[in-house]
Amino acid sequence: MLILNKTAGVFFKPSKRKIYEYLRSFNFHPGKVFLHKLVLGIETSCDDTAAAVVDETGNVWGEAIHSQTEVHLKTGGIIPPVAQQLHRENIQRIVQEALSVSKISPSELSAIATTIKPGLALSLGVGLSFSLQLVDQLKKPFIPIHHMEAHALTIRLTNKVEFPFLVLLISGGHCLLALVRGVSDFLLLGKSLDIAPGDMLDKVARRLSLIKHPECSTMSGGKAIEHLAKQGNKLHFDFKPPMQRAKNCDFSFSGLQHVVDKTITQKEKEEGTFIISKVGQINNPGFCLKMPVCSVGIEKGQLLSSAADIAAAVQHTTACHIAKRTHRAILFCKQRNFLSESNAVLVVSGGVASNLYIRKALEIVTNATQCTLLCPPPRLCTDNGVMIAWNGIERLRAGLGILYDTEGIRYEPKCPLGVDISKEVGEAAIKVPPLKMKI
Ligand code: KG4
Ligand code: ZN
């Protein structure tokens with residue numbers, strides 16, 4: 001179909017979406033005729049209530065999201081019953097908004113896809129029970145979605161990426177390296193043995209009271225660290241990368257968090273003593289030593305003068321740790337011929353993937369190993385409804401996990417991704433050649 005642009009006097013080829021909208025203006029609904037697949041995706045696994053309608057060409061017809069970040073920032077972390085309540089309050093409106101922006105009647109949907117694993121039980125429950133009601137009402141097939149699978153496949157919506165590819169998922173709740181061999185075919189190469197990098201950065205940011213910093217008050221912890229790090233000197237603190245001796249692809253961040261925590265406590269004492277003696281109220285070091293730590297240290301909420309240096313150093317160590325484990329995963333996959341020789345792809349996603357410093361560290365690794373580094377745009381790196389709908393499309397196309405009867409379906413707060421071969425990766429004990437991390 002060509003449309004004549006009257007002002008320019010030329011014909012142009014409209015997008016599929018424009019054609020559908022044009023046909024609809026005559027009350028013609030092409031959905032069942034040639035718009036084969038259209039999926040509504042619903043996400044409530046953590047602290048975002050999100051929904052989107054996506055078609056099989058990757059067109060996003062409508063999307064809506066309600067983020068709870070601001071509320072959780074104030075309480076210093078996610079409180080599950082609060083997250084649940086906020087999902088309950090918003091889910092109907094968010095799904096309605098995604099549908100109405102898309103101008104698609106629910107009857108035109110091919111299926112409804114919803115995150116049912118892994119995540120916070122109370123949050124997953126809201127999305128699942130809402131979706132099951134909708135599925136029942138609309139008589140549509142239901143596609144249960146694994147949240148990490150959705151993160152991993154998002155890149156295929158924005159870029160032409162064939163299987164297999166390597167994926168690194170780094171966020172507040174996840175940290176894993178996996179080989180993606182197909183829509184539902186994953187080999188898990190490594191994961192965090194404790195907390196995720198975003199969680200660690202959030203904790204450090206809270207410990208540094210960055211919420212009180214005028215430039216960072218509305219930012220997530222990780223973003224605040226990245227922002228402040230630009231003003232700091234990473235060489236002022238030497239935080240060692242974790243797990244240097246373990247020749248596997250697992251991660252660890254809680255040890256680093258404790259070391260940073262201890263450094264902050266030390267700095268608070270030093271700066272507090274300095275502040276007190278500077279104003280001349282207490283000039284006797286002996287007196288200071290006898291006082292409880294809190295009255296010697298700087299006040300809670302006050303910013304350390306070395307906060308930017310600490311942020312820069314912790315970001316650098318995090319980047320080096322992530323880069324090294326990823327480097328080993330690439331070498332392992334190459335050794336086993338798991339990745340294409342000529343076009344090996346590393347996909348990085350999750351909230352922490354929007355950190356440009358960490359991306360640069362990964363770029364150094366992919367350049368050294370002749371891989372292509374791909375990241376979805378930031379809005380698709382963090383939790384969203386589009387990735388869930390797209391995962392639904394991928395599953396519809398592959399004919400995998402489409403349910404016509406939802407009897408007995410449950411959410412699963414804990415659920416590993418794919419087949420875990422991390423032990424085999426460790427046994428291969430691949431030595432990673434040193435790379436200069438000049439970022
Ligand atoms: O993917 P996401 O929205 O939610 C899940 O955790 O699943 O990721 C949020 C996490 C938070 O921990 C946040 O601090 C971190 O991603 N984050 C960042 C940046 N932006 C968000 N970490 C480092 N640098 C950033 N620029
Ligand atoms: Zn996520």
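**Figure 1. Packing of helix H8 against helix H12 in the predicted model.** Helix H8 (residues 221–229) and helix H12 (residues 307–335) meet at an angle of about 110°, and their axes lie 8 Å apart. Angles of 65 to 115 degrees count as roughly perpendicular, and H8 and H12 are therefore roughly perpendicular to each other. The crossing of H8 past H12 is left-handed. On the H8 side, the contact is formed by Ile-225, Glu-226, Leu-228 and Ala-229. H12 contributes Ala-307, Ala-308, Ala-311, Ala-312, Val-314 and Gln-315. Sorted by class, the contact of H8 with H12 comprises 8 nonpolar, 1 polar and 1 charged residues. The model shown in this and the following views is predicted.

**Figure 2. Packing of helix H7 against helix H8.** Helix H7 (residues 197–207) packs on H8 at an angle of about 70°, with a distance of 7 Å between the axes. H7 and H8 are therefore roughly perpendicular to each other. H7 passes H8 in a crossing that is left-handed. Leu-201, Asp-202, Val-204 and Ala-205 of H7 make the contact with Gly-221, Gly-222 and Ile-225 of H8. The class composition of the contact of H7 with H8 is 4 nonpolar, 2 polar and 1 charged residues. Ile-225 thus appears in the contact with H7 and also in the contact with H12.

**Figure 3. Surroundings of helix H8.** H8 is mostly covered, with 7 of its 9 residues buried. These buried residues are Gly-221, Gly-222, Ala-224, Ile-225, Glu-226, Leu-228 and Ala-229. The partners against which the buried residues of H8 pack are H7, H12 and helix H13 (356–368). The loop between H7 and H8 holds Ser-209, which has a positive phi of about 55° although it is not a glycine. Buried means under 20% relative accessible area, so Ser-209, at 12% relative accessibility, counts as buried.

**Figure 4. Helix H12 and the loop that follows.** H12 has 29 residues, and the distance from its first C-alpha to its last is 42 Å, close to the 42 Å expected at 1.5 Å a residue. Of the 29 residues of H12, 25 are buried, and the helix is mostly covered. H12 is followed by Asn-337, located in the loop between H12 and strand S11 (344–349). Asn-337 is not a glycine, yet its phi is positive, at about 55°. With a relative accessible area of 59%, Asn-337 is exposed, whereas Ser-209 in the loop between H7 and H8 is buried.

**Figure 5. Helix H4 and its packing partners.** The 18 residues of helix H4 (residues 121–138) should span 26 Å at 1.5 Å a residue, and the 26 Å between the end C-alpha atoms agrees with this value. The buried residues of H4 are Ser-123, Leu-124, Gly-125, Val-126, Gly-127, Leu-128, Phe-130, Ser-131, Leu-134 and Val-135. An α-helix has 3.6 residues a turn, so residues three or four places apart point the same way. Among the buried residues of H4 are Phe-130, Ser-131, Leu-134 and Val-135. The buried residues of H4 pack against helix H3 (80–102) and against three strands: S3 (38–43), S6 (111–117) and S7 (142–146). Just after H4, Lys-139 adopts a positive phi of about 55°.

**Figure 6. Pro-106 in the loop between H3 and S6.** Pro-106 is found in the loop that links H3 and S6. Its relative accessible area is 29%, and Pro-106 is partly exposed. Leaving aside neighbours within four places in sequence, the contacts of Pro-106 are Leu-99, Leu-138 and Lys-140. Pro-106 and Leu-40 are separated by 66 residues in sequence, and their C-alpha atoms are 8.8 Å apart in space.

**Figure 7. The cis peptide bond between Phe-163 and Pro-164.** Phe-163 and Pro-164 are joined by a cis peptide bond with an omega of about -5°. Pro-164 is placed in the loop between helix H6 (155–158) and strand S8 (165–170).

**Figure 8. The chain as context for the close-up views.** The chain contains 16 helices and 13 strands. Of its 439 residues, 52% are buried. Among contacts between residues at least 6 apart in sequence, 73% join residues at least 24 apart.

How values were computed:
Residues are numbered from 1 along each chain as its sequence is written. Chains are lettered from A and ligands numbered from 1 in the order in which they are written. This is a predicted model: local features need pLDDT of at least 70, side-chain atom pairs count only at pLDDT 80 or more; totals for chains, interfaces and linings use all residues. Side-chain values use heavy atoms; hydrogens and water are left out. Helices (H or I, at least four residues) and strands (E, at least two) are DSSP runs, numbered from the N terminus. The expected span of a helix is 1.5 Å times one less than its number of residues. Buried means under 20% relative accessible area, exposed over 50%, partly exposed in between (1.4 Å probe, protein chains only). Contact means heavy atoms within 4.5 Å. Axes are lines fitted to C-alpha atoms, for helices over the stretch in contact, and angles run from 0 to 180 degrees between N-to-C directions. Angles under 35 degrees count as roughly parallel, over 145 as roughly antiparallel, 65 to 115 as roughly perpendicular and the rest as oblique. A crossing is left-handed if the near helix is turned anticlockwise from the far one by less than a right angle, and right-handed if clockwise. Ala, Val, Leu, Ile, Met, Phe, Trp, Tyr, Cys and Pro count as nonpolar, Asp, Glu, Lys and Arg as charged, and the others, Gly among them, as polar.
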